[in-house]
Amino acid sequence: MNKKERIGIYPGTFDPVTLGHLDIILRASEIFDKIIIAVSENPYKNPLFSLEERIDMLRKSVKHPRVTVESFSGLLVDYVANKNASVIIRGLRSATDFNYEFLMAQTNNKLSKNIETIFLISKTEYSFISSSLVREIASYGGNIAHFVPEIVGKMVKTKIYKKKT
Ligand code: PNS
């Protein structure tokens, strides 16, 4: 009998992708047969990078045969169901994350009973990194090399430079 493929959906805004995100993706790829990174358009967050730029940054940063990058709009639970998946993966950095994630996981489970959220706890070295911190440091000309992949660092600098000129 064929074993069912285990698909994990890793959703987020990724504005931009950080080393913390990449660590979660790598660790999740050991648990699931296939990971789909689902980039949310997320107009409510008014992202610095366009959806295409965020996808491009992820595709350039993640080279794994079982990990793909896609975008989605609308409700996450609908997207997950469309992919014939039932598991959402999220990273947890702190108790502050927990409050937000707890509500989101419960809401998604209420919207669709078959959908579960699993959490991977951030490693200590990544637990303080956030996309918003990266954007802020870069906007003041600070060094973001310890927070994002090299290619993303270049793209962030170009974007911020363009914004200022
Ligand atoms: O990386 P983020 O910004 O914390 O990711 C948040 C995201 C994209 C996972 C969340 O905002 C989301 O799922 N948006 C899609 C719309 C939706 O389903 N909202 C209800 C979730 S409770």
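Select Lys45 and the ligand: in this predicted model, a side-chain N or O atom of Lys45 lies 2.5 Å from an oxygen atom of the ligand. Add Thr13 next, whose side chain also places an N or O atom 2.5 Å from a ligand oxygen. Then display Arg90, where the corresponding separation between a side-chain N or O atom and an oxygen of the ligand is 2.9 Å. With the ligand shown as a surface, note that its accessible area on its own is 550 Å², of which the protein covers 78%.

Now extend the selection to the shell around the ligand, which holds 15 residues; Thr13, Lys45, Leu76, Arg90 and Met104 come nearest. By class, this shell contains 6 nonpolar, 7 polar and 2 charged residues. Colour strand E1 (7-12) and helix H4 (95-111), the elements that give two or more residues to the shell. The most, 4 residues, come from H4.

Turn next to the pocket itself. The ligand occupies the largest pocket, whose volume is about 1000 Å³. Its lining comprises 39 residues, and those closest to the pocket centre are Gly12, Thr13, Lys45, Arg90 and Tyr100.

To trace the lining along the chain, select E1, helix H1 (19-28), strand E4 (87-92), H4 and helix H5 (131-139), each of which supplies at least two lining residues. H4 again deserves a separate colour: with 7 residues, H4 provides the largest share of the lining. Finally, colour the lining by residue class, which gives 15 nonpolar, 16 polar and 8 charged residues.

Definitions and conventions. Residues are numbered from 1 along each chain as its sequence is written. This is a predicted model: local features need pLDDT of at least 70, side-chain atom pairs count only at pLDDT 80 or more; totals for chains, interfaces and linings use all residues. Side-chain values use heavy atoms; hydrogens and water are left out. A residue is near a molecule or strand if one of its heavy atoms lies within 4 Å of it. A polar contact is a pair of N or O atoms within 3.5 Å; within protein, one must be able to donate a hydrogen and the other to accept it, and residues adjacent in sequence count only if both atoms are side-chain atoms. Accessible areas come from the Shrake-Rupley method with a 1.4 Å probe; for residues, only the protein chains shown count as cover. On a 1 Å grid over the protein atoms alone, a cavity is a set of points where a 1.4 Å probe fits but cannot get out, and a pocket is an open set with protein on both sides within 12 Å along at least five of seven lines; lining residues have an atom within 4 Å of a point. A molecule sits in a cavity or pocket if more than half of its atoms lie within 2 Å of its grid points. Ala, Val, Leu, Ile, Met, Phe, Trp, Tyr, Cys and Pro count as nonpolar, Asp, Glu, Lys and Arg as charged, and the others, Gly among them, as polar. Grid points are joined across faces, edges and corners, and a volume is the space filled by probe spheres set on the points.
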